[in-house]
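Reader: I'd like to go through this one with you and ask where the labels come from. Could you show me the structure before we start?

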Amino acid sequence: MFDKEKIAQVKKATDNWNDTVIAKTIAKFPERKPEFKTSSDIEIKRVYTPADVEDMDYERDLSYPGEYPYTRGVQPTMYRGKSWTMRQYAGFATAEESNKRYKYLLEQGQTGLSVAFDLPTQIGYDSDHPLSEGEVGKVGVAIDSLKDMEVLFDGIPLDKVSTSMTINAPASVLLAMYIAVAEKQGVTPEKLSGTIQNDILKEYIARGTYIFPVEPSMRLITNIFEYCSKNVPKWNTISISGYHIREAGSSAAQEVAFTLADGIAYVEAAIKAGLDVDEFAPRLSFFFNAHNDLLEEVAKFRAARRLWAKIMKDRFKAKSTKSMMLRFHTQTGGSTLTAQQPDNNIVRVAIQTLAAVLGGTQSLHTNSKDEALALPTEDSVRIALRTQQIVENESGVTETIDPLAGSYYVENLTNNIENMASEYIRKIDELGGAARAIEKGYVQQEIQDSAYRYQMEIEKGERVIVGMNKFKVEEAAPKGLLRVDPIVGELQARKLADLRSTRDNAKVDAALEALKKAAQGEENLMPFILDAVRVYGTLGEICGVLREVFGEYQQTVIL
Amino acid sequence: MDIKAGLLNGDKRACARLISLIENEDAQAVELLKELYSMTGNARVIGITGPPGAGKSTVTDKLAKLLRKRNKKVGIIAVDPTSPFTGGAILGDRVRMSDLNTDPGVFIRSMGTRGALGGLSKAANAAVKVLDIFGMDYIFIETVGVGQSEVDIVKLADTVVMVMVPGLGDDIQAIKAGIMEIGDVFAVNKSDRDGAERTATEIEVMLDFNRGAAYRPPVVNIIAKDNNNIDKLMEAIDDHYEYMQNSGNYKIRKRNSLKTEIIDIFKYNVVKSIEQKSENTNIIDQLVELALDKSIDPYTAALRLLKELRSTES
Amino acid sequence: MDRPIRVVVAKPGLDGHDRGAKVVARALRDAGMEVIYTGLRQTPEQIVETAIQEDADVVAMSILSGAHNHLFPKVVKLLNEKGADDILIVGGGVIPEDDIPGLIEAGIAAIFTPGTPTSVTIDFIKNNLKRN
Ligand code: B12
Ligand SMILES: Nc1nc2c(ncn2[C@@H]2O[C@H](COP(=O)(O)OP(=O)(O)OP(=O)(O)O)[C@@H](O)[C@H]2O)c(=O)[nH]1
Ligand SMILES: [Mg+2]
């Protein structure tokens with residue numbers, strides 16, 4: 001793209017500038033630090049010039065929005081056509097309570113729902129299980145049976161909203177409940193749109209709500225791919241997530257690497273299960289983080305898109321362009337937000353929102369300023385949502401597509417992150433793929449090393465976190481935090497007792513027995529789970545049967 | 001806390017505290033062990049060794065569960081490396097044994113190597129005695145698992161289980177040297193993976209070199225995480241024990257290990273006395289200085305230390 | 001004291017947030033302590049048994065999922081029932097300030113919330129052991 005001679009000239013001129021002007025300046029006024037680095041440990045130069053992107057080929061490396069390799073975005077018009085989906089992750093206490101919050105958010109202009117479940121639900125225990133004690137409804141909504149799900153979506157037309165559900169190990173059960181609620185609303189499955197997270201590998205790596213061992217978990221996932229491709233075609237069957245990997249402490253490059261490595265594992269599993277790549281790959285979606293290092297983050301999103309496109313095309317020989325497009329949801333970085341001077345978090349989230357939008361996200365959750373204190377209050381969620389709306393309507397960054405393309409720095413960083421991620425993926429391939437690398441603890445070790453380094457940088461003052469290790473003030477204890485009433489546990493237990501005495505238990509037993517048989521065999525489990533859900537088999541009962549057949553995952557702890 | 005009474009009455013806190021006292025080289029602990037030594041010798045001691053991540057903890061967990069079903073009490077000592085720089089350690093083997101935690105018939109203790117080489121901690125030997133006195137029927141010792149030089153386990157265990165996995169590749173060559181002597185039973189774990197048969201064959205081939213021996217260690221393919229063939233492994237362990245008893249080798253092994261133990265304790269005491277003595281007299285430093293300017297050689301210096309020690313003892 | 005301090009770092013309940021617990025575990029190790037890390041999803045009973053068998057000087061628990069008022073006091077109670085009242089108990093995680101007095105009342109010696117340098121935790125442990 002660049003004239004060779006011109007580049008040589010630029011290189012010479014840059015050297016010259018460094019040797020003369022800069023050398024003199026630095027001698028008098030040293031720079032702030034001996035080295036400047038991104039989160040991924042990429043050294044940042046003083047300035048970037050065309051020489052730093054000398055090998056760039058516009059058509060090959062960037063091309064146009066909506067065109068392979070999608071570096072510039074997956075849609076041809078991006079936000080000029082339509083804004084990203086504003087989707088705040090929410091849910092707590094009972095289905096009734098969460099239903100109210102969803103209606104409030106929809107009234108405020110939110111365009112999609114995102115359901116947070118409590119930990120017992122995510123780990124496949126009913127609210128009255130001994131291990132659920134003290135946890136019911138605490139960090140998400142408690143769902144035990146179809147009854148709760150009916151209440152959760154009461155008055156919300158499921159053919160009109162798209163719903164994202166953060167559910168992994170028991171994803172098939174919650175998807176089945178969603179389909180069953182829709183049926184009751186008179187909405188057929190092919191009209192449903194939304195996403196289940198359904199990404200078990202990152203649960204093992206970073207998020208912790210696993211239930212079953214690797215192989216049966218992969219089976220459940222490919223069962224969903226297959227079932228949805230035939231019956232719920234608009235559903236995103238998985239959200240391959242780097243968000244949690246980053247929050248567990250990884251760098252930006254590691255986030256891309258480990259997420260795409262997981263993606264590769266899912267594609268391989270589905271192909272092995274006999275599916276055609278172009279049948280399921282268009283429904284794969286991704287989920288990334290947006291941290292404060294604005295330009296590195298933008299580069300990260302662009303690198304991820306380009307790398308995935310190449311992987312799908314070259315490694316998996318996908319033919320449909322839809323299979324090559326990396327569509328993703330973004331959430332701002334919770335771990336960058338501080339308990340100290342929480343108002344400062346609004347500013348951080350604004351920067352991160354910009355990063356996500358400049359990086360071409362398809363949907364976005366912005367964290368609230370009380371992130372490090374408790375679940376967000378309604379007021380703080382509103383500010384977070386307004387932040388998105390301000391960026392959308394007032395900042396101007398949505399008016400043209402991928403506006404940072406062509407920045408020598410951003411393009412160079414995009415290349416760097418892509419290369420680092422490819423290198424990691426090569427290493428993971430060598431270890432036998434993502435599942436094996438996780439079992440060996442390799443991925444966790446890399447992340448924890450980054451997390452520990454980050455913490456030590458803060459403690460040594462090498463990394464400034466405003467309000468936390470610098471610019472501190474005395475503060476009073478924060479007031480008005482959201483609290484979940486511990487009574488929720490009792491309420492849910494009572495509802496369960498009620499359900500168990502009113503439903504047709506013979507039908508439930510039969511459905512669970514059929515599920516067990518199927519689980520022991522090789523069939524697709526989705527229809528069996530749907531049957532069990534419809535007759536009000538509980539989440540805990542269904543997962544209990546699967547636990548019995550599949551066993552439980554044992555975590556690899558590496559420190 | 002009355003440790004002796006507690007230990008004899010099945011109080012886990014007392015047992016745990018005594019092991020700590022031993023680790024911390026507390027004189028009280030030695031006195032207690034002297035007193036109760038005659039009560040040892042009832043437990044079967046099984047060493048579990050093998051490369052890092054081979055599944056040693058998982059195997060131990062599963063064997064312990066099997067023995068619990070047979071109503072045997074099980075003690076477990078799991079050793080992890082201590083950092084030579086900070087003296088700190090992460091002791092993580094328990095994670096694999098979480099649901100044994102609350103079983104009243106199980107006692108699990110993690111230990112840092114605290115400077116010991118050879119795959120165990122210095123206190124491991126005494127800790128085994130404590131668990132033995134505490135009434136455990138079986139005691140498992142999981143070694144550090146760094147591969148080479150995990151030789152100490154032989155001195156401590158009646159049977160050493162070497163846990164291997166498929167796909168070790170060149171590692172198997174590296175471990176080979178030590179393997180022949182150490183392993184009484186070979187477990188090829190992770191046999192759900194490709195290459196398990198090959199690994200088993202490789203081990204058999206190595207064992208062939210020792211064809212003439214009266215005892216040939218069996219090779220058992222297992223899948224520890226699925227509890228697969230664990231009973232077979234236990235059977236092999238039992239067979240080895242029986243062979244040792246019947247052949248008289250058990251006595252020989254015991255005799256040898258007691259000999260090294262006594263010598264070890266002796267060495268330890270000698271060194272400690274000299275160090276103690278040197279605290280006042282600086283004798284060691286003086287000898288070092290003399291050796292430095294060549295007015296004395298290290299051999300003579302050592303002899304002089306010994307003399308010094310004798311003179312104070314008489 | 002020249003023997004290493006033994007600390008059980010535990011994650012009670014269903015909470016999967018382990019970044020903080022692992023960072024703290026590593027920092028304690030680098031401060032020369034022997035750290036027994038339990039892994040996720042521990043019941044109070046399991047934590048107490050671990051602390052006893054390991055003869056821990058300290059039980060350090062981490063909860064970020066809001067179940068602290070239920071789980072922390074339960075561990076203290078069980079430890080006391082077993083006579084293990086010479087163990088220092090500390091906690092950390094996302095814990096509202098309003099809850100801290102109650103937890104201290106229940107027998108948790110200190111609660112460390114987000115933003116606390118690990119050096120503060122280390123110093124606290126070194127200075128507040130219940131036995132030497
Ligand atoms: C990172 C993070 C995650 C990561 C966790 C990755 C991991 N492997 O740990 C991911 C993205 C997976 C995640 C998921 C969830 N999260 Co989260 N998460 C956070 C976040 C942003 C930061 C926590 C963190 O790691 N900080 C960095 C570490 C180093 O700090 P730390 O843990 O606070 O530890 C320090 C101190 O607290 C203390 N400390 C902590 N533990 C201990 C232990 C001891 C013994 C000692 C002495 C000290 C100590 O010392 C440490 C050093 O300073 C917090 C909000 C926040 N900013 O705090 C929310 C937060 C904890 N998460 C929350 C929720 C709700 C969830 C989910 C349950 C959501 C859902 N419904 O699905 C899920 C499920 C997680 C699960 N399985 O349990 C809520 C909890 C709400 C509450 N308690 O009321 C929070 C507060 C966010 C919010 N405001 O909504 N999360
Ligand atoms: N595929 C497979 N994995 C297993 C099997 N047994 C154990 N594992 C896994 O191997 C990993 C290591 O197991 P551990 O029992 O911790 O191994 P270890 O030898 O004790 O490890 P260190 O003490 O760290 O040296 C874990 O992720 C186990 O789940 C098995 O039979 N098959
Ligand atoms: Mg182990």
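**Where the labels come from**

Author: Between domain 1 of chain A and domain 2 of chain A, about 1100 Å² is buried, and carbon and sulfur atoms give 63% of that. Ser40(A), Ile42(A) and Tyr48(A) supply 46% of the area that domain 1 of chain A buries against domain 2 of chain A, more than any other three residues. Keep in mind that this is a predicted model.

Reader: Which residues make up the two domains of chain A, and how far apart are their C-alpha centres?

Author: Domain 1 covers 4-53 and domain 2 covers 63-459. Their C-alpha centres lie 37 Å apart. Across the boundary, 10 residues of domain 1 are in contact with 14 residues of domain 2.

Reader: How many salt bridges and how many polar contacts are there between those domains?

Author: The salt bridge count is zero. For polar contacts, the rule finds seven residue pairs, both residues at pLDDT 80 or more.

Reader: What makes Lys37(A) and Glu35(A) a salt bridge?

Author: Their side chains have N and O at 3.9 Å, and the cut-off is 4 Å between a Lys or Arg side-chain nitrogen and an Asp or Glu carboxyl oxygen, so the pair qualifies. Lys37(A) also forms a salt bridge with Asp41(A), with the closest N and O atoms 3.5 Å apart.

Reader: Are Lys37(A), Glu35(A) and Asp41(A) buried, exposed or partly exposed?

Author: Partly exposed runs between 20% and 50% relative accessible area. Lys37(A) has 36%, so it is partly exposed. Glu35(A), at 43%, counts as partly exposed, and so does Asp41(A) at 46%.

Reader: Why is helix 8 of chain A described as largely enclosed by the rest of the structure?

Author: Because eight of its eight residues, 200-207, are buried. Lys202(A), Glu203(A) and Arg207(A) are among them, alongside Ile200(A) and Leu201(A).

Reader: What caps the N-terminal end of helix 8, and what follows the helix?

Author: Asp199(A) is the cap, with a side-chain oxygen 3.3 Å from the backbone nitrogen of Leu201(A). Following the helix is Gly208(A), whose phi is positive, near 85°.

Reader: On to the contact between chains A and B. How much area is buried there, and how many salt bridges does the rule find?

Author: Chain A and chain B bury about 600 Å² between them, 39% of it on carbon and sulfur atoms. Eight residues of chain A are in contact with six residues of chain B. The rule finds three salt bridges across that interface. Glu215(A) and Lys225(B) meet in a salt bridge at 3.9 Å, N to O.

Reader: What makes Ser57(B), Asp93(B) and Glu142(B) donors of the magnesium ion (ligand 3)?

Author: Ser57(B) through OG, Asp93(B) through OD and Glu142(B) through OE coordinate the ion at 2.0 to 2.2 Å, and the donor cut-off for this metal is 2.8 Å, so they count. Along the chain the donors follow the spacing S-x35-D-x48-E. Ser57(B) sits in helix 4 and Glu142(B) in strand 5 of chain B, 85 residues apart, so the pair links distant parts of the chain. Both Ser57(B) and Glu142(B) are buried.

Reader: How do you know that Thr60(B) is buried?

Author: Buried means under 20% relative accessible area, and Thr60(B) is at 0%, so it counts as buried. Thr60(B) lies in helix 4 of chain B. Leaving aside neighbours within four places in sequence, Thr60(B) is in contact with residues including Met97(B), Phe140(B) and Glu142(B).

Reader: And what about Lys65(B): buried, exposed or partly exposed?

Author: Lys65(B) is partly exposed, with a relative accessible area of 25%. Lys65(B) is also in helix 4 of chain B. Beyond residues up to four places away in sequence, Lys65(B) touches Asp99(B) and Leu100(B).

Reader: Last one: why does the pair of Asp86(C) and Arg17(B) join two chains?

Author: Their side chains meet in a salt bridge at 3.2 Å, N to O. Asp86(C) lies in the loop between helix 3 and strand 4 of chain C, and Arg17(B) in helix 2 of chain B, so the pair joins two chains. Asp86(C) is buried at 15%, and Arg17(B), at 15%, counts as buried too. Shared partners place Arg17(B) and Asp86(C) in one salt bridge network whose members include Arg13(B), Arg3(C) and Arg131(C).

Technical notes:
Residues are numbered from 1 along each chain as its sequence is written. Chains are lettered from A and ligands numbered from 1 in the order in which they are written. This is a predicted model: local features need pLDDT of at least 70, side-chain atom pairs count only at pLDDT 80 or more; totals for chains, interfaces and linings use all residues. Side-chain values use heavy atoms; hydrogens and water are left out. Buried means under 20% relative accessible area, exposed over 50%, partly exposed in between (1.4 Å probe, protein chains only). Helices (H or I, at least four residues) and strands (E, at least two) are DSSP runs, numbered from the N terminus. A polar contact is a pair of N or O atoms within 3.5 Å; within protein, one must be able to donate a hydrogen and the other to accept it, and residues adjacent in sequence count only if both atoms are side-chain atoms. Donors are N, O and S atoms within 2.8 Å of the metal (3.2 Å for Na, K and Ca); water is not among the atoms, so sites may look incomplete. Domain bounds come from an automatic or database domain assignment. Contact means heavy atoms within 4.5 Å. Buried area is the accessible area (1.4 Å probe) that two parts lose on being put together, summed over both.
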